[in-house]
Every structure is written in C-alpha cells, then in structure tokens.
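Work through the following exercises with the sequence and the model side by side. Try each task before reading its solution.

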Amino acid sequence: MAMKRRDFSLKEVVRPNIWALKPYRCARDDYSSGILLDANENSFGSSLSEAAIVGQVQSVSCLPLPSYASYTDSNLNRYPDPYQLEIKQQLCRLRGISTPEHFFLGVGSDESIDLSFRIFCTPGKDKCLITPPTYGMYAVSAQTNDVGIVKIPLEFEDGKFQLRVDEILETLEQDKAIKIVFICSPGNPTGTLISKQDIRRILDFESYKGIILVDEAYIDFSTDGSVASWVEEYPNLIVIQTLSKAFGMAGIRLGIAIASPDVAAIFNKTKAPYNISTPTSLLARAALSSDGISCMEDYRSKILTQRSKLISTFGQIQGVGCILGGNHANFILVQIVDADRTPSNFIAYSIYKILAEELGVVVRFRGSELGCEGCLRVTIGTAQENEYLIKMWKQAYEKASESAVGTN
C-alpha cells in the first residue's frame, strides 16, 4: 500500500536534540554469540538457582486469587505493587540504611539517570558535568533531555583515573547552570574506585547548589568503597546501584537510587506508577534473601579470584603493555602495545575483531575513549572461559601483529 501524506516531514516534528541523538551502543549491537566477555555481566550466573527462578515464576498464576495470597504476587492480571516496600527493606539491611524512605527503585540504573535530568534540569538551559572516560548513558540521557554537557576528564596519566577536583570545583564556581555532577565509582571503563576524600570535597563545596550523583554499579566488587550511607548526611547526594552486576540479575532490570527521603520522595512521585513489574519484584526479593545474598557472595569471591589470575596471566602475554585502572570491578582494562611498547589501537581493534569473528570470544574495544588508547575491556569469566580466552587471545595477537607489520 502506498504511503499517504507525502507532505509530512518527520524531521519537522521531532525535537532537534532527538533527531541529532546518537544512541547508546550496547554490547549486543556488535556481537551476540560466542563467549560473551563484553557487557560486564556476571559470568557465573544469577544469585538464584534455576530451581529458585522456576519457583518464583510458578508462583504467578492465572487462577482465582486465594484469600491468603498477595493480589500483586499471585495474578498477572493485577497491576504490580507501586511501592515495593519489601525490596526496600531488604536493601536497608544489605546497605546499612536506616529507613526505606531513602530508596527509589527503577527499571535499571538508567531510569534513575533519566529521572535525575527530568527532575533537576530545565531543558535547553541547565547542564550536567561528567568526567570521561565514563559510562556513556550520562551523555545520551543528557542529550535526550536537551541538557548541556560539561566535560572535565579524569586524571588518566599512568592509569590513575581519578577526579581533577580543583578543576571541577573551579568549573562549578563559574558555571551556575550545572545542576548534576556524575561520578562513576568504580568507573566504567576504568574499573577504578574514586577517592572518597575527593567525593566529599565536592559534596562539601558550598558554592555548588546542585546534585552529586555517584554511580556504584560495580561497588560490590570493591571493599569499603561505597558512599551510600552518606545520604543520611548529605541532602545533595544520590547514589545509584543495581542488581545487574554482582547479583547477576541483569535480565530483570532492577536499579536502585539511594538519597535523602525528600529526594527519594520526588523520584517516587515522578516515576510511572507501576514501573517495577511483578516478575521483577518476585525475582529481586529472592535475590535479596539470605540465600540469594550467600550465592552472590560466593560468585563474587570466585570472580575476584579469577580477576587476580587473569591480571597475572595477562602480565606475561606478549603485546600486553599493562592493566590500566584500579581493578575494582568485574572486568579489567587491557592495554595493547606495538613492538615499540606504544599503545596501539590498530592492534587492539584487530584482536577484538579476530576474537569475535573468527575465534568465538567477544570482548569490548575501548581504544577510542580518553586515556584508553589501545585498550580492550574484558569481563571476568569463569575459569574455563578465561582459559579459552587466553588461548584464543594469543592466536588473535599473532595474527593482528602480523597485519600491523604489513601496514608499515
């Protein structure tokens, strides 16, 4: 059938910032098969056994509601609980937070990021501050919401990846349009915890009247790095976390924002009324049970063991310059060098392509990001996956280095 209204122009009715938007490029946009060590998922699985998952799914029935059952948990024809108090109470115990009023639950951390722009920033007027290299969704969400972006790069010499605090404070002093400062700790793709002292300096900077948002998606892979408890001290702090990483629950899309009760209340009144689905709620509660937390801790221990082994192994492989960053996450940032020990994007990208397209292993090329020249980001896999990765890596490097010689 021929399209009518040929005079209609989609570009004329789409907001200019959306028309110009470059979408976030997720790992599955590139490759979706093989040993997937590119999306920082939990390679050991979820913190629920298969039997536990099946049990939670089976608890949802199409039968008439029993008198003793929760209407939201038992029947999918009913809207889910809009408050999810039980999950918030579990998170209070897990994170040492005094009251559920400090929590907002969203569809992944990305909902909290998007809501932050919608709540605190006036489109076309206000700005946010980010510290590249960092998580790409901050910039995507800023552009979606027509919010300006100010960039103060991390101090990345020698793989340090820490805040340039003096420069940030000077910028905040001069530019009053900045309403949100995004800090990723541990960073992505850097895997580095940001100094707590530096975060506190920004929180205490009285000339800045906006919000500091600390993204702690990978916090469970570090020790004593979280600032979540600080929300009971700082009304200008929001900490976002997720069940996608250490808990291995990426498929349920459950994100967490922790803030003062006043800020959390604004988030909760701004969100869609039923944003957390019943299946997500059931599985999240099981993951946050004592059994689920024990499973998470067991998998985390295995990931940390494999992380140490992988770092040691890469240190002995030809063509690897160093492992950049602090290694506080479930991935490492491997820098590839040429024969002169100079970081090489050409060789790194060649290894990435050969691994994915010929050898069945998918990692993430990060050489185009600031301070990450020649870098491939590698999610920590199981022992078997890592063993295969190293075997294939050596083959890929040999082929990539030969190609590099041929281009000179």
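Helices, of at least four residues, and strands, of at least two, are DSSP runs that are numbered from the N terminus. The model used here is a predicted one.

**Exercise 1. Determine how many helices and strands the chain has, and decide whether its radius of gyration agrees or disagrees with that of a compact globule.**

Begin with the secondary structure: the chain contains 14 helices and 13 strands. Next, turn to the overall dimensions, where the C-alpha atoms fill a box of roughly 70 × 60 × 55 Å along the principal axes. For the last step, a compact globule of 408 residues would have a radius of gyration near 22 Å, and because the chain has 23 Å, the two agree.

**Exercise 2. Describe what share of the residues is buried, and how the contacts and charges of the chain are distributed.**

A residue counts as buried when its relative accessible area is under 20%, and by this cut-off 52% of the 408 residues in the chain are buried. The surface that the chain exposes comes to about 19,200 Å², of which carbon and sulfur atoms supply 51%. If one then takes the contacts between residues at least 6 apart in sequence, 70% of them join residues at least 24 apart. As for charge, there are 41 positive and 47 negative charges, and their mean positions lie 5 Å apart.

**Exercise 3. Search for disulfides, and then examine C372.**

A disulfide is a covalent bond between the sulfur atoms of two cysteines. The test to apply is whether two cysteine sulfur atoms lie within 2.5 Å, and a search of the whole structure finds zero such pairs. C372 is accordingly in no disulfide, and the nearest cysteine sulfur, which belongs to C375, is 5.0 Å away. C372 counts as buried because its relative accessibility is 0%, and C92, at 9% relative accessibility, counts as buried too.

**Exercise 4. Find which residues of helix α7 are buried, and what covers them.**

Helix α7 spans residues 137–144, and M137, Y138, V140, S141 and A142 are buried in it. An α-helix has 3.6 residues a turn, so residues three or four places apart point the same way. The cover over the buried residues of α7 includes the helix α6 (108–120) together with the strands β3 (127–130), β4 (148–151), β5 (178–184) and β6 (211–215). After α7 comes D146, which has a positive phi near 55°.

**Exercise 5. For S47, S112 and V361, state where each residue is placed and which residues it contacts.**

Start with S47, which is placed in the loop between β1 (35–36) and α3 (50–58). S47 counts as buried because its relative accessibility is 3%, and, once neighbours within four places in sequence are left aside, it is in contact with F247, M249, A287, G292, C295 and M296.

Continue with S112, which is placed in helix α6. The relative accessible area of S112 is 0%, and therefore S112 is buried; not counting residues up to four places away in sequence, S112 touches F104, I240, I256, A257 and F267.

Finish with V361, which lies in strand β11 (residues 361–362) and counts as buried because its relative accessibility is 0%. Its contacts, with neighbours within four places in sequence left aside, include I35, L37, L355, A356, Y388, L389 and M392. Although V361 and D38 are 323 residues apart along the chain, their C-alpha atoms are separated by 9.0 Å.

How values were computed. Residues are numbered from 1 along each chain as its sequence is written. This is a predicted model: local features need pLDDT of at least 70, side-chain atom pairs count only at pLDDT 80 or more; totals for chains, interfaces and linings use all residues. Side-chain values use heavy atoms; hydrogens and water are left out. Buried means under 20% relative accessible area, exposed over 50%, partly exposed in between (1.4 Å probe, protein chains only). The radius of gyration is taken over C-alpha atoms; the globule rule is 2.2 Å times the number of residues to the power 0.38. Contact means heavy atoms within 4.5 Å. Accessible areas come from the Shrake-Rupley method with a 1.4 Å probe; for residues, only the protein chains shown count as cover. Lys and Arg count as positive and Asp and Glu as negative; His and the chain ends are not counted. The place of a charge is taken as NZ of Lys, CZ of Arg, CG of Asp or CD of Glu.
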